[in-house]
Amino acid sequence: MQDTHKNIVSAIGAKVLRLVQSLGETAVLIQKTFGSIFQIRNGGKNVWYQMQEMGARSFSVTSLTLMFTGMVLALQTGTSFIKVFNEPLYVGRIVGISIVKELGPVLTAMVFAGRVGAAIAAELGTMKVTEQIDALYTLGTNPVKYLTVPRFIAAITMLPFLTIYSNFLGVFGGYLVATLKFSIPSPVYLDDIYALQIREVMHGLVKSVVFALIVVSVSCYKGLTTSGGAEGVGKSTTSAVVISMVSILIGDYFLSAVLVALRIG
């Protein structure tokens, strides 16, 4: 029995140590990346390519996700208020504030993690197991400058833009349901949207920047530490997506608490 307890404690301790080591290595990667951002030369083409991959090719999936989220939110809100007040009240206000402050940033980041995070981890992981990253060291090229810096810049730039775009589509989806199903006049719905304050919009945009940093940091770290051949690439990709999504949901609460305390949103 005593040996069993020792084994359990040892296993827990080993997992904790691996977690702390991973967090430390990720922090070092972030520090090296931000330290190298202003040192890259002739990297504009690579950054532009990453922005296209992360942004332009994510429009379709984020469009569908947020538009139908706005439609469902308006449908449920209108139906609930009809049961209570016999009128679909405040549909625009609830859809607007929910999309802009929470659902827009979080759902866009989740889709971003599933599509972009997986691609980053798989690409870097493949380069790692095929020794292409070691070849960069041999050629005197810093992999952080060449591989992670363009991805960090592109992710932190594109996710806020994707969030703004998704917010518009979410509000538009709610508008369709509000006007077509509940016969809410367009001016009434739009007045509720115009009532949103700039600090409420900034609340969501600040979150999107932090979420982008989470996704790209986790994905780059998992890709660069991949081992075990093709199987290892698959595990790193899955792990990057799962950790990114869980971190987004956990970080959302603490970010909300901090931003509310700072009266941003």
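Modeller: Let's start with a definition: a residue is called exposed when its relative accessible area is over 50%, and buried when that area is under 20%. Please keep in mind that we are looking at a predicted model.

Biologist: Thanks, that helps. What makes Glu131 count as exposed?

Modeller: Glu131 has a relative accessibility of 54%. The cut-off for exposed is over 50%, so Glu131 counts as exposed. You will find Glu131 in the loop between α4 and α5.

Biologist: What is there to say about the phi of Glu131?

Modeller: Phi of Glu131 is near 65°, which is a positive value in a residue other than glycine. As background, most residues other than glycine have a negative phi. Tyr90 also has a positive phi, near 55°, and is not a glycine.

Biologist: Where is Tyr90, and why does Tyr90 count as exposed?

Modeller: Tyr90 sits in the loop between α3 (59-85) and α4. Its relative accessibility is 54%. Exposed means over 50%, so Tyr90 counts as exposed.

Biologist: Let's try two more residues. How do you know that Gly140 is exposed?

Modeller: The relative accessible area of Gly140 is 68%. Set that against the cut-off of over 50%, and Gly140 is therefore exposed. Gly140 belongs to the loop between α5 (132-138) and α6. From Gly140 to Ile12, the C-alpha atoms are 40 Å apart in space, and the two residues are 128 apart in sequence.

Biologist: And why is Val9 called exposed?

Modeller: Val9 has a relative accessible area of 58%. With exposed defined as over 50%, Val9 is therefore exposed. Val9 lies in helix α1. The C-alpha atoms of Val9 and Gly44 are separated by 50 Å, and these residues are 35 apart along the chain.

Biologist: Now the whole protein. How many helices and strands does the protein have?

Modeller: There are 9 helices and 0 strands. Reading along the sequence gives the pattern α-α-α-α-α-α-α-α-α. Along the principal axes, the C-alpha atoms fill a box of roughly 70 × 60 × 35 Å. The protein has 265 residues, and 43% of them are buried.

Biologist: With those helices in view, how is a pair of packed helices described?

Modeller: Two packed helices are described by the angle between their axes and the distance between the axes. Take α8 and α9: their axes come within 9 Å and cross at roughly 150°.

Biologist: Why are α8 and α9 called roughly antiparallel?

Modeller: Angles over 145 degrees count as roughly antiparallel. The crossing angle is roughly 150°, so α8 and α9 are roughly antiparallel to each other. Their crossing is right-handed. The residues in the contact of α8 with α9 divide into 12 nonpolar, 8 polar and 3 charged.

Biologist: What makes α4 roughly antiparallel to α9?

Modeller: Helix α4 (residues 91-129) and α9 pack at an angle of about 155°, with 8 Å between their axes. The cut-off is again over 145 degrees, so α4 is roughly antiparallel to α9. This crossing, too, is described as right-handed.

Biologist: And why is α2 called oblique to α6?

Modeller: Helix α2 (residues 44-54) packs with α6 at about 45°, and their axes are 8 Å apart. Under 35 degrees would be roughly parallel, and roughly perpendicular runs from 65 to 115. An angle of about 45° falls in neither range, so α2 is oblique to α6. The crossing of α2 past α6 is right-handed.

Biologist: Let's finish with the pockets. How many residues line the largest pocket?

Modeller: The largest pocket holds about 610 Å³ of space. It is lined by 21 residues, and those closest to its centre are Ser22, Leu23, Thr26, Val218 and Ile243. Helix α1 gives the largest share of this lining, 9 residues. By type, the lining divides into 12 nonpolar, 6 polar and 3 charged residues.

Biologist: What lines the second largest pocket?

Modeller: The second largest pocket has about 340 Å³ of space. Its lining has 13 residues, and Val100, Phe168, Val171, Ile193 and Leu196 are the closest to its centre. Helix α6 gives the most to this lining, with 6 residues. The residues here divide into 12 nonpolar, 1 polar and no charged.

Note on methods
Residues numbered from 1 in each chain as written. Predicted model: local features only at pLDDT ≥ 70, side-chain atom pairs only at ≥ 80, totals over all residues. Heavy atoms only, no water. 1 Å grid on protein atoms, 1.4 Å probe; cavity = no way out; pocket = protein on both sides within 12 Å on 5 of 7 lines; lining within 4 Å. Points joined across faces, edges and corners; volume = space filled by probe spheres on them. Helix = DSSP H or I, 4+ residues; strand = E, 2+ residues; numbered from the N terminus. Nonpolar A, V, L, I, M, F, W, Y, C, P; charged D, E, K, R; others polar. Axes fitted to C-alpha atoms, helices over the stretch in contact; angles between N-to-C directions. Left-handed = near helix turned anticlockwise from the far one by under 90°. Buried < 20%, exposed > 50% of the residue type's maximum accessible area, 1.4 Å probe, protein only.
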